[in-house]
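This report describes the architecture and the side-chain interactions of a single protein chain. The sequence and the structure are shown first, and the description follows.

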Amino acid sequence: MSFLYLKSLHIIFVVTWFAGLFYIVRLFVYFAETAQKPEPEKSILQTQFALMQKRLWYGITWPSAILTVIMGLSLLHYYPQIPGWLWAKLGFVVGLLAYHLYCHRIFRQHQRGEIKQSSTQLRVWNEVATLFLVAIVFLVVMKSGLDATWGVVGFIGLSVVLMLAIMAYKKLRKA
């Protein structure tokens, strides 16, 4: 029974971690877009967005990431031998952790008032978490090599569609 409790908690923290990652990058986009605003609007908005980022990052996103990893590692001892699909999932989780750490770098820049990425770059960056989510869910649900291969093909297709959508949105905003 403890396996199911751990698994449930793991899924709950995965959901809250992804919610935090999706929203933090949206806040990065909004923060970057304030650079073109006149004063005092720029300062007021940047102060507010920096506060929202800080509360989200330290109140939800980091705790969820830590608890996701703890619960996930706790589940590993239930497997006598780690299956191939789980190794692949762990690889994507390592990539997701790298994504999280890079988001932390952007977060620290914004907390110092620095904007090093354009809002378009941040919009693209926002979709990377979606790609990790799709890849991880497909691996967990499908579990077989052939199905995972189709999941990766779908992952690449989704990547292309997302990039095209971002480019179309950028053109639409300029019109």
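## Salt bridges

In this predicted model, a search of the whole structure finds three salt bridges. One of them pairs E33 with R123, the closest N and O atoms being 2.9 Å apart. E33 belongs to helix α1 and R123 to helix α4 (residues 119–142), so this salt bridge ties together parts that are 90 residues apart in sequence. R123 has a relative accessibility of 10%; because buried means under 20%, R123 counts as buried.

E114 takes part in a salt bridge with R112, where the closest N and O atoms are 3.1 Å apart. E114 also forms a salt bridge with K116, and here the closest N and O atoms are 3.7 Å apart. R112, E114 and K116 are thereby linked in a network of salt bridges. Within this network, E114 is partly exposed, with a relative accessible area of 27%, whereas K116 is exposed, with a relative accessible area of 55%.

## Overall architecture

The chain has 175 residues, of which 35% count as buried. Its secondary structure comes to five helices and zero strands, and from the N terminus on the elements run α-α-α-α-α. Along its principal axes, the C-alpha trace spans about 60 × 35 × 20 Å.

The contacts may also be described by sequence separation. Among the contacts in the chain with a separation of 6 or more, 81% are accounted for by residues 24 or more positions apart.

## Packing of helices α1 and α3

Two packed helices are described by the angle between their axes and the distance between the axes. Helix α1 covers residues 2–33 and helix α3 covers residues 84–111; their axes come within 11 Å and cross at roughly 35 degrees. The crossing of α1 and α3 is left-handed.

On the α1 side, the residues that take part are H10, W17, F18, L21, V25, F28 and F31. They meet K89, L96, L97, Y99, H100, C103, I106, F107 and H110 of α3. By class, this contact of α1 with α3 has 12 nonpolar, three polar and one charged residues.

R105 also lies in helix α3. With a relative accessible area of 45%, R105 is partly exposed. R105 and F31 are 74 residues apart in sequence, and their C-alpha atoms are 15 Å apart in space.

## Aromatic pairs

A search of the whole structure finds 11 aromatic pairs. One of them joins W57 and W62: the ring centres are 6.3 Å apart and the planes stand at 75 degrees, so the pair is edge-to-face. W57 has a relative accessibility of 0% and counts as buried, while W62, with a relative accessible area of 23%, is partly exposed.

Y99 and F132 form a tilted aromatic pair, with 6.4 Å centre to centre and 55 degrees between the planes. This pair links distant parts of the chain, as Y99 is in helix α3 and F132 in helix α4, 33 residues apart. Y99 is buried, with a relative accessible area of 2%, and F132 counts as buried at 15% relative accessibility. Y99 is also among the α3 residues that meet α1. Ring pairs further link F92, Y99, Y102, W125 and F132 into a cluster.

## Connections to helix α4

Two of the interactions described above involve helix α4. The salt bridge of E33 with R123 connects helix α1 to helix α4, and the aromatic pair of Y99 and F132 connects helix α3 to helix α4.

## A cis peptide bond

Most residues other than glycine have a negative phi, and most peptide bonds are trans. What kind of peptide bond joins E39 and P40? The bond is cis, with omega about 0 degrees. P40 is located in the loop between α1 and α2, the latter covering residues 41–76.

Note on methods: Residues numbered from 1 in each chain as written. Predicted model: local features only at pLDDT ≥ 70, side-chain atom pairs only at ≥ 80, totals over all residues. Heavy atoms only, no water. Axes fitted to C-alpha atoms, helices over the stretch in contact; angles between N-to-C directions. Helix = DSSP H or I, 4+ residues; strand = E, 2+ residues; numbered from the N terminus. Left-handed = near helix turned anticlockwise from the far one by under 90°. Contact = heavy atoms within 4.5 Å. Nonpolar A, V, L, I, M, F, W, Y, C, P; charged D, E, K, R; others polar. Salt bridge = Lys/Arg side-chain N within 4 Å of Asp/Glu carboxyl O. Buried < 20%, exposed > 50% of the residue type's maximum accessible area, 1.4 Å probe, protein only. Phe/Tyr/Trp six-rings, centres within 6.5 Å; stacked < 30°, edge-to-face > 60°.
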